[in-house]
There are 2 protein chains.
Amino acid sequence: MGLVVQKYGGSSVADAEGIKRVAKRIVEAKKNGHQVVVVVSAMGDTTDELIDLAQQVSPIPAGREFDMLLTAGERISMALLAMAIKNLGHEAQSFTGSQAGVITDSVHNKARIIDVTPGRIRTALEEGNIAIVAGFQGVSHDKKDITTLGRGGSDTTAVALAAALEAEVCEIYTDVDGVFTADPRVVRKARKIDWISSEDMLELASSGSKVLLHRCVEYARRYNIPIHVRSSFSGLRGTWVSNEPQGDQKVEQALISGVAHDTSEAKITVVGVPDKPGEAAAIFRTVSDAEINIDMVVQNVSAASTGLTDISFTLPKADGHKAMESLTKAQPVIGFDSLRYDDQIAKISLVGAGMKTNPGVTASFFEALSNAGVNIELISTSEIRISVVTRADDVNEAVRAVHTAFGLDSDTDEAVVYGGTGR
Amino acid sequence: MGLVVQKYGGSSVADAEGIKRVAKRIVEAKKNGHQVVVVVSAMGDTTDELIDLAQQVSPIPAGREFDMLLTAGERISMALLAMAIKNLGHEAQSFTGSQAGVITDSVHNKARIIDVTPGRIRTALEEGNIAIVAGFQGVSHDKKDITTLGRGGSDTTAVALAAALEAEVCEIYTDVDGVFTADPRVVRKARKIDWISSEDMLELASSGSKVLLHRCVEYARRYNIPIHVRSSFSGLRGTWVSNEPQGDQKVEQALISGVAHDTSEAKITVVGVPDKPGEAAAIFRTVSDAEINIDMVVQNVSAASTGLTDISFTLPKADGHKAMESLTKAQPVIGFDSLRYDDQIAKISLVGAGMKTNPGVTASFFEALSNAGVNIELISTSEIRISVVTRADDVNEAVRAVHTAFGLDSDTDEAVVYGGTGR
C-alpha cells in the first residue's frame, strides 16, 4: 500500500466532535497499511473571526501581517487533529506550511506554490507518524515570510504535497459526496460522477462548479495526481478526477460530464464603439489595468449605417464597480457612447470532451433552452464546453432542462445536500 | 536614543481596543527616537480557550502538539498589533519566536531558552520597522519543533531579546503600576517601589510576589539588563529592577524592600522519623523522584527519650496529593510513624539586603507578628530574607502588621489595583 494524502476542509473539523470523527477516519487509512499525510483547513468560522478582528484594528490590513494572522487558524486545527490521533493510540506530528516545505512566491494573501521540499514530512512518515500539515499556507522563497495561498489554498496544498511525495492519490474530503452532473441544490436528479477527466473538471470548475477549484485541478493534471473527492461524513466512494481512468473505472468517457452554472458574474456592455482597429484593445487594456479578470467577450457585427458596434463582456460582480469607474474615466479617450451594467445574469455551461466528436451537441443545447422558454443573451464556446448567458431568474429552470435533455438525470432523487465550504 | 524592548501581557491586549491603545504607546516610543522591539502575549483568554479545546479532543494532550496549539495565540495578537501600528502610519513586522531566533531546549510546555539569534529582528530594525515578537515561544535547537516557555514565558522572552540586542532597558507593561512593598490588595498603604535590586526582587519573586517571575529576573540579573515594570494603562513611571541603581535613582538602598506572602503552598509533616543518618535523605529523595519542588524544610531536635524526630516541609498545593502518595508508598522502607498534610498555611516573607548588616531585623519581625497575635509554625531565613509559616487565616493581618512595623506604610492610600495576569 502506498502513500495517501487526505485533505479535510473547515466544515469537517468545525468543532471538537468533528476533529475526533476525522481522526478516526485518518487512523482507518493508516490501519489499512497506508502512509498518511493529512492537510487540514482552519476550523469552521475561525478564519472569518480572525478577519473580523483584523478589520477592527485596521481597515486595510497589511498583507504580510494578515497572512501571519490567518495562518493561526490552521495551526489550531492541525495541532488538535494530531492530539486527537495520538489519543487513539497512533503517532502523529503536525507541521506548518513552512515546516512542510511549501515554498511560495511573495505575493501575500494569494501566493503561488513554486516548490515543495517535504523532507520533514518524509522523515516523520518513515518514523511511523501520520503527518498533519497546515493547508492554505507556505513560506516565501526570498524573505522567509509566512504566506497564504488564497481561495482553495488547502486543496492546492494537498495536491502539491501529493505530487512532491509521489502519492497514490489525493483525497479531498468535503461536505458533499463528490462531483455531480449539476448542482444538487438545483437539480434533485443530479447524479454523482464516478470518474471525470481532469480536462472536463477544469472546464466545470471555471464554469461555476464549486467542489474543486480550477487551480487545484490544474496542478493535479500537470503532475498526474489522481484526486478522489468524497464526503468526510458519509464515507462513500466519491468522484475520481484524473488524466486517464484508473483501474476499474469505466473506460468509455461520457459524452457530457455535466452542467454548471454561475450567478456570481455581471455583464458590462460598451455601447457605440467605433468599428476600427484598436478600439477593443483599448477597452480591455483599461479593464486589465484595473486588475480585473474578464470571462466571456462578445462583439456584434457593426451596423453598416453607423459604423458603430457594441462590445459585451462578463466579469465577477465584485469587480463591477471598479470596472465601470475605470471605463467611465477612459471614455473620452476611447470614444464610445455609453456603458450598461447588468448584474441580473446567469451563466449556464455544458461540459464534456464528447462534444468534440458530436456536432449535434450545440444544437441540442440551444433547443433545450428554447423549449424551456429561456432566452440566450451571450454565447461562448470552447472545444469541450458551451456557455450561455441568460437572465438570472431563468437559471434553475435552464439547468434542469439541459440536464434532462442530455440524459443526465438519475433514476432516483439520490442527491444529498450539505452546507458549503469556503477555503 | 537606544533600543528598547517592551513587553505587553494578555490583559493589555485583551481586545481590539486594547491592541489599538498599546499600538499608540509603542508608536510614542518610536517617535521619541528609540528603536523598538515589542514582545506580546496572547490576547486575554485565548490561551485558556485553546487549552479547553485541547482537553475536548484529548485528556492528556501531547507536549509537541500542545505547544503548536498554544503558540497560535501569540501569532494572532502579534499580527493584529503589527496591523494596528501600520494603521498609525508606522512600519511594523511581526515575528514568531522561531523567526526571532529564540532557540530553546526540547522540553515541551516548559522549554528553557539556550540561545537567541535575532538576525531578522536586527534587519527589521535597521530598515526602520518596529519589530513585534511572539512571547512565550521558541524553536528547539535539535528537532526544530515549536516549544513554549511555560509560566512567565513572555517576560523571559522580552529579557532574553533585550540581552541579545543589548537593549537599554526591558519594559514590562502589566496591569499594575509596578512592584509594591506588599500586595496592594492586602495592604492599602503599600508603596510603589521606585528601584529595587535584582537580588531583592529575586527573593520577593520566590516568596510570592507575582509581578515578575523569578526566572525572568534571574535572566536579567545575569545579563545585567535593567527591567522597568510599569502599567500599560496609566503610563506612570513604574519600578526599576537592576543590579545597580540607574542614573537618578536614589543610591542608598532601603533597609527592607518589601513584604511578600504566598498562600499557594501546603505543609507536610513526617512524624516519628528515626534520628539516624540517611533518613532525611530518603524522604527528600522520594519527593524529588516524584518531580516535586519543595520550599522550606524544618527538622526539630529529636526527643532524647524516643530517638525519633519530626520533619516538616512546604510544597506547592498542586503537588500535595502526589507527594503524600509517594511518601505513603515509601513508608515501609523509610520507616516513619505517620504523615500529616496541612493546606491551611501561609508563608510571609520579609525581604531586604539591608538586613545583612542590621541584626535587629529578625527580632523586630517576630515582635510584629507576636503583637498582632499571629502564631509562627516554621521559620526559614536566607541572608536577605526571613520567612515564616502561619495559619492561612492570619495572613492579611500578619502582612499588614509587618509592613507597618518596618515603616513601609505610605502616607496615602495610593495603591491602585487591577486584575491579575497569567502568562
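The bend at a residue is the angle between axes fitted to the seven residues ending there and the seven starting there. In this predicted model, that angle matters for helix α9 of chain B, which runs over residues 320-334 and has a kink of about 30 degrees at T328(B). The proline P332(B) comes shortly after the kink.

Helix α9(B) has a set of buried residues on both sides of T328(B) in sequence: G320(B), A323(B), M324(B), S326(B), L327(B), A330(B) and I334(B). Their cover comes from elements of chain B that include the strands β14 (265-274), β16 (308-316) and β17 (338-342), together with the helix α8 (279-289). After the helix comes G335(B), a residue with a positive phi near 85 degrees.

Positive phi values also turn up in residues that are not glycine. F136(A) has a phi of about 75 degrees and is not a glycine. This residue sits in the loop of chain A that joins β6 (130-134) to β7 (137-140). With a relative accessibility of 5%, F136(A) counts as buried. In chain B, K144(B) is another residue other than glycine with a positive phi, here near 60 degrees. K144(B) belongs to the loop between β7 and β8 of chain B. Its relative accessible area is 47%, and K144(B) is therefore partly exposed, since the class of exposed residues begins over 50%.

K143(B) lies in the loop between β7 (137-140) and β8 (146-148) of chain B. K143(B) has 55% relative accessibility and so counts as exposed. From K143(B) to G235(B) the C-alpha distance is 42 Å, with their positions 92 residues apart in sequence.

The next topic is the pairing of the two chains. Chain B is superposed on chain A by a rotation of 180 degrees, with 0.0 Å of shift along the axis and an RMSD of 0.0 Å. This is the relation of a two-fold axis. The residue of chain B that comes closest to the rotation axis is A72(B), whose C-alpha is at 2.4 Å.

Across the interface, 41 residues of chain B are in contact with 41 residues of chain A. The area buried between the two chains is about 3300 Å², and carbon and sulfur atoms give 64% of it. On the side of chain B, the residues that lose the most area to chain A are V57(B), R75(B) and M83(B), which together account for 23% of what that side buries. Of the interface residues of chain B, 100% are also interface residues in chain A, so the copies meet through the same surface.

The largest nonpolar core has 76 residues. Those with the most contacts inside this core come from both chains: L80(A), L81(A), L80(B) and L81(B). The surroundings of L80(B) can be followed in detail. Apart from its neighbours within four places in sequence, L80(B) is in contact with I19(B) and M43(B) of its own chain and with L53(A), A54(A), V57(A) and L69(A) of chain A.

Two sets of annotated positions remain. An unreviewed UniProt entry places the feature "binding site" at T47(A) and E74(A). These positions span 28 residues in sequence, yet no two of their C-alpha atoms are more than 9.0 Å apart, so they gather at one spot. T47(A) is part of helix α2 (residues 46-57) of chain A, and E74(A) is part of helix α3 (residues 63-87) of chain A. T47(A) is buried, with a relative accessible area of 14%. E74(A) also counts as buried, at 0% relative accessibility.

The other set, likewise given as "binding site" by UniProt in an unreviewed entry, consists of K7(A), Y8(A), G9(A), G10(A), T174(A), D175(A), R185(A), K210(A) and V211(A). They span 205 residues in sequence, and the farthest two C-alpha atoms are 23.8 Å apart, so they do not all gather at one spot. Two lysines from this set have opposite accessibility classes. K7(A) lies in strand β1 (residues 3-8) of chain A and is buried, with a relative accessible area of 5%. K210(A) lies in the loop between α6 (198-206) and α7 (214-223) of chain A and counts as exposed, at 61% relative accessibility.

Terms used. Residues numbered from 1 in each chain as written. Chains lettered and ligands numbered in written order. Predicted model: local features only at pLDDT ≥ 70, side-chain atom pairs only at ≥ 80, totals over all residues. Heavy atoms only, no water. Least-squares fit on C-alpha atoms with pLDDT ≥ 70 in both. Contact = heavy atoms within 4.5 Å. Core = buried A, V, L, I, M, F, W, Y, C linked by side-chain atoms within 4.5 Å. Buried < 20%, exposed > 50% of the residue type's maximum accessible area, 1.4 Å probe, protein only. Helix = DSSP H or I, 4+ residues; strand = E, 2+ residues; numbered from the N terminus. UniProt positions renumbered as here; feature names shortened; annotations may be inferred. Buried area = accessible area lost by both parts, 1.4 Å probe.
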